[in-house]
Amino acid sequence: MWASLAGFYNRGAMCYNQRMNLHFKKNGGYRRVRFALLLVGVLALLSACHRATVVSVGENELFELSYGSFEDELNLFSLSGTGTVNTYLAMRDGFFYIANGESKKIMELNSYGDLLSLYFNEEVTRLPSFAEKNEVNAAKKAVAYPFNTLGPIAVDSRKYLYAVDTLPEAREEHDTQKRLLLNHVVLRFASDGSFIDYLGQQGPGGTPFPFVKNIYTTRDNELVVVSTTNDGPVVYWFNTDGFLLYTIPITTTTVPLPERDEEAGDYFVSVENVIPDTQSRRLFLKIDYFLTTLDPALKVASGVEYARTLLCPLDVTTGRYEQSLEIPPYEEAVSEKLNKSVYLIPFDFLGVTDNGWLFFSVPTDKGYLIQMVQPNSQRILKRRLTVDHNEILYYSFALSGNGIVSALFAKRDHAEIAWWRTDSLLASFMGN
């Protein structure tokens, strides 16, 4: 069972007190040597015990992408306007997959930026130069498919590609009872690029999904689709052949509630994100809780304020919640003249790695702060990702199963692909 991380922050002080209880010899010279050794040992031990030290992780800018309509370029000309940007990033085994909904294509690139595969709509993108009809190139592939409006993508260990797309208006369905538009499907492509089928709510060829927020693949190559409805998230869990295993509706009235003071107001619940475990059939629900605030003079509710964040594991096979884990918020200090205020900001849930580390992120004035939590040992690491927000018009983050944070940064005249090797950091702690 998971315990709260609150006790973790006292570990450094406990380690220090234990070491300071050692007795010195009365001999003066020996005592000075012992004291020097003890001081070195205490500093080293405090460094090992305190897992919340914030340092920067070096960014590795891998390659750039130009804006344009050629096969190896991105169409992001609408960044200066209004509306939704439909460009998403996924990374697996050092290969990058970019769904560029604006140009109705998906690109697979290596870490040098070389285009390896192109899935494209022939009405928008012409046949790429490396795939002319009379030319055979086994190292690259071009796959034509009539994409409509692309969404999130995922890749499993078999190199199967999954892509969210919308159906044409003539094929849309409506759930009048729940007031939902059903027009999202998940397209499946085999490793050789051949189209397999599309998945709906019941599996291959099923009823379209409501709006799909994200899709994920597990270690066993099972697909998890997270949709959004008016009542809350709905998760669809499919086996490797695409057949439905579980449908898990999540509502704010059925999620766990933390204990609160009797004098406090009612909780407002926000299910910020739902992400599956990669190793077992579990879901991690990141839930933010807010409390009503009372006007002391009028004795009436005057607003809401952030209270706490819990990560709630849900066993999808039993439908039972396991013990929740409290996630410390980000504390931002704001100074104004002689006054200093501290604001509590909940982290966004970024994902979970194959070895169980939970990743959270929050934007800061110098970039992003990544908080990594290992629940079983109560380790918590914080690392800064230095980014100049003034240069970035749009971004998409991706977390790989081995713990690498990747990003697509759209800037004014080009896009950049970068990553941070947090996997090496996690490996060093796993070794310890």
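# Briefing: salt bridges, a charged patch and a buried serine

R92 is partly exposed, with a relative accessible area of 23%. This residue pairs with D93 in a salt bridge, and the closest N and O atoms are 3.9 Å apart. The model is predicted. A search of the whole structure finds 15 salt bridges. Three of them are described below, along with a negative surface patch and one buried strand residue.

**Overall make-up**

- The protein chain has three helices and 32 strands.
- Of its 432 residues, 47% are buried.
- Take the contacts in the chain with a separation of 6 or more: 49% of them join residues 24 or more positions apart.
- The chain exposes about 22,300 Å². Carbon and sulfur atoms supply 49% of that area.

**The R92–D93–K159 network**

- Salt bridges link R92, D93 and K159 in a network.
- R92 counts as partly exposed because its relative accessible area, 23%, falls between the 20% and 50% cut-offs.
- D93 sits in the loop between β3 (87–92) and β4 (95–100). At a relative accessible area of 55%, D93 is exposed, because the cut-off for that class is over 50%.
- K159 belongs to another loop, the one between β8 (153–155) and β9 (161–166). Its relative accessibility is 29%, so K159 counts as partly exposed.
- Both loop residues have a positive phi without being glycine: phi is near 55° for D93 and near 70° for K159.

**The E222–R281 bridge**

- The side chains of E222 and R281 meet in a salt bridge, at 2.5 Å from N to O.
- What does this pair tie together? E222 lies in the loop between β15 (212–217) and β16 (223–229), and R281 in the loop between β19 (267–276) and β20 (282–294), so the bridge ties together parts that are 59 residues apart in sequence.
- Are the two partners buried or exposed? E222 is buried, with a relative accessible area of 7%. R281 counts as partly exposed, at 31% relative accessibility.

**The D423–R421 bridge**

- D423 and R421 bring their side chains together in a salt bridge of 2.7 Å, N to O.
- D423 counts as buried, at 13% relative accessibility. That follows because buried means under 20%.
- R421 counts as partly exposed, at 35% relative accessibility.

**The negative surface patch**

- E59, E61, E64 and D413 form a negative patch on the surface.
- D413 is placed in the loop between β31 (405–410) and β32 (414–420).
- With a relative accessible area of 58%, D413 is exposed. Patch residues need over 30% relative accessible area and no salt bridge, so D413 clears the accessibility cut-off.

**S406 in strand β31**

- S406 is part of strand β31. The loop that holds D413 runs between this strand and β32.
- Is S406 buried or exposed? S406 is buried, with a relative accessible area of 0%.
- Which residues touch S406, leaving aside its neighbours within four places in sequence? The contacts are L89, M91, F96, S396, F397, A398, A418 and W419.
- Among these contacts, A418 and W419 fall within the span of β32 (414–420). L89 and M91 fall within β3 (87–92), and F96 falls within β4 (95–100).
- β3 and β4 are also the strands on either side of the loop that holds D93.

Definitions and conventions. Residues are numbered from 1 along each chain as its sequence is written. This is a predicted model: local features need pLDDT of at least 70, side-chain atom pairs count only at pLDDT 80 or more; totals for chains, interfaces and linings use all residues. Side-chain values use heavy atoms; hydrogens and water are left out. Patches are made of residues with over 30% relative accessible area and no salt bridge: like charges are joined within 9 Å, nonpolar side chains (Val, Leu, Ile, Met, Phe, Trp, Tyr) within 5 Å. Accessible areas come from the Shrake-Rupley method with a 1.4 Å probe; for residues, only the protein chains shown count as cover. A salt bridge is a side-chain nitrogen of Lys or Arg within 4 Å of a carboxyl oxygen of Asp or Glu. Lys and Arg count as positive and Asp and Glu as negative; His and the chain ends are not counted. The place of a charge is taken as NZ of Lys, CZ of Arg, CG of Asp or CD of Glu. Helices (H or I, at least four residues) and strands (E, at least two) are DSSP runs, numbered from the N terminus. Buried means under 20% relative accessible area, exposed over 50%, partly exposed in between (1.4 Å probe, protein chains only). Contact means heavy atoms within 4.5 Å.
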